[in-house]
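Me: Got a minute to go through a structure with me? I'll throw questions at you as I scroll.

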Amino acid sequence: MKKALILGIESSCDDTAAAIISGRKILSNITNTQLIHASHGGVVPELAGRAHMENMVRIVDMALDKAQIQLNDLDAIAFTVGPGLQVSLVVGTSFAKGLALALHKPMIAVHHMKAHILSHFIEEEGMVAPSFPYLCLTVSGGHTQLVVVHSALEMEIIGKTIDDAAGEAFDKTAKMLGFSYPGGPLIDAHSKNGNPHAFLFSKPKIKGLDFSFSGLKTSVLYTLQAATKENPDFIAQNRNDLCASIQESISSILMDKLKKAQQATGIKHIAVSGGVSVNSGLRKKLFAWQEAQPDISVHLAHPKYCTDNGAMVAITGSLYFDEGSFADQSVAADARLQW
Ligand code: KG4
Ligand code: ZN
């Protein structure tokens, strides 16, 4: 049987991305990360929307060229419909709708977080797809969730953050240390030369499977305020240790709840998705857990499929295509798209 050729378009935040998939194999995966936001300390929606408009056609063209296919070869067009920034989502959604109409091809509307969760099904060396049902810790800039994935179409949230997302906790504490946006990768890089136990920040006491990061954020802020009063160069002199200790705190909070969820559900297949799943401190803890508990299997995607990308939308499109799950022209971008 001919494998479906699908274009995946992602534009929910500050990455304009497109990928082509054939069945479960990625033929091309192009991302343009907007650098204009770095100096603003966070994503500026109006700037993001404009940059998506400027870049979308070029990025899709590059994805088609790299995959060596023509628009007419496509079997379907998948796109992120939400959640995310409305002005950003509208660009990808309108583009996909226009393309589908002009080409007379079916459309597949994709939930951004579900795309992160299904990224594990991309066929690639070094990646092993989890079996259903699997437990997925989804950690990004906007979301932190524990999800039981029964099938490509059926997912159940069993835990979520009650305040900030894990990526937000990284980015906000990084900002306190003077890093530009997004600070998560910078904290990770500096942690490599720091002592993770140099500073102890407060741990949340949230019952059940929900997360909280606001206490940690306040704890870091108070520590920095008190220390810089005594020594104005405190941050510069302790940057690596501060980064390593923040990373240790965030990854411990995530691991505690993930382990708790594993025990509560008894599910043996564990996956971790989203931008924060690239974090080396978190990955180290996941590998250690896998080693200590060989009856579970931990699945991590290649880093290029963890932060926002078109490939995760394309693989979701491919799985939905097989299930016959299509959208029609009435579909609209939805910043607050529900599960
Ligand atoms: O999944 P993603 O690319 O976009 C959203 O859907 O939000 O996640 C972005 C988040 C940002 O908060 C970024 O700082 C964080 O992922 N991130 C990291 C690392 N790489 C990206 N956080 C910690 N360590 C990293 N290596
Ligand atoms: Zn994302």
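Me: Which residues coordinate the zinc ion (ligand 2)?
Reply: His112 (NE2), His116 (NE2) and Asp308 (OD) do, at 2.0 Å. Donors here are N, O and S atoms within 2.8 Å of the metal (3.2 Å for Na, K and Ca), and water is not among the atoms, so sites may look incomplete. Keep in mind that this is a predicted model, where local features need pLDDT of at least 70, side-chain atom pairs count only at pLDDT 80 or more, and totals for chains, interfaces and linings use all residues. Residues are numbered from 1 along each chain as its sequence is written, chains are lettered from A and ligands numbered from 1 in the order in which they are written, and side-chain values use heavy atoms, with hydrogens and water left out.

Me: How are those donor residues spaced in sequence?
Reply: The pattern is H-x3-H-x191-D. Histidine 116 in helix α3 (residues 112–118) and aspartate 308 in the loop between β10 (297–300) and α9 (311–323) link distant parts of the chain, 192 residues apart. Helices (H or I, at least four residues) and strands (E, at least two) are DSSP runs, numbered from the N terminus.

Me: Is histidine 116 buried or exposed?
Reply: Histidine 116 is buried, at 0% relative accessible area. Aspartate 308 is buried too, at 16%. Buried means under 20% relative accessible area, exposed over 50%, partly exposed in between (1.4 Å probe, protein chains only).

Me: OK, switching to α9. What does threonine 316 touch?
Reply: Leaving out residues up to four places away in sequence, threonine 316 touches Val110, Lys114, Ala115 and Leu118. Contact means heavy atoms within 4.5 Å. Threonine 316 sits in helix α9 and is buried, with a relative accessible area of 0%.

Me: And helix α4, which residues are buried there?
Reply: In α4 (residues 166–176) they are Ala166, Gly167, Ala169, Phe170, Asp171, Thr173 and Ala174. Their cover includes β6 (134–139), β7 (144–149), α5 (184–191), α6 (214–230) and α7.

Me: What follows α4?
Reply: Glycine 178, with a positive phi near 90°.

Me: Last one: which element gives the most to the lining of the second largest pocket?
Reply: That's α8, with 4 residues. By class, the lining has 2 nonpolar, 6 polar and 4 charged residues. Ala, Val, Leu, Ile, Met, Phe, Trp, Tyr, Cys and Pro count as nonpolar, Asp, Glu, Lys and Arg as charged, and the others, Gly among them, as polar. A pocket is an open set of points on a 1 Å grid over the protein atoms alone, where a 1.4 Å probe fits, with protein on both sides within 12 Å along at least five of seven lines; lining residues have an atom within 4 Å of a point.
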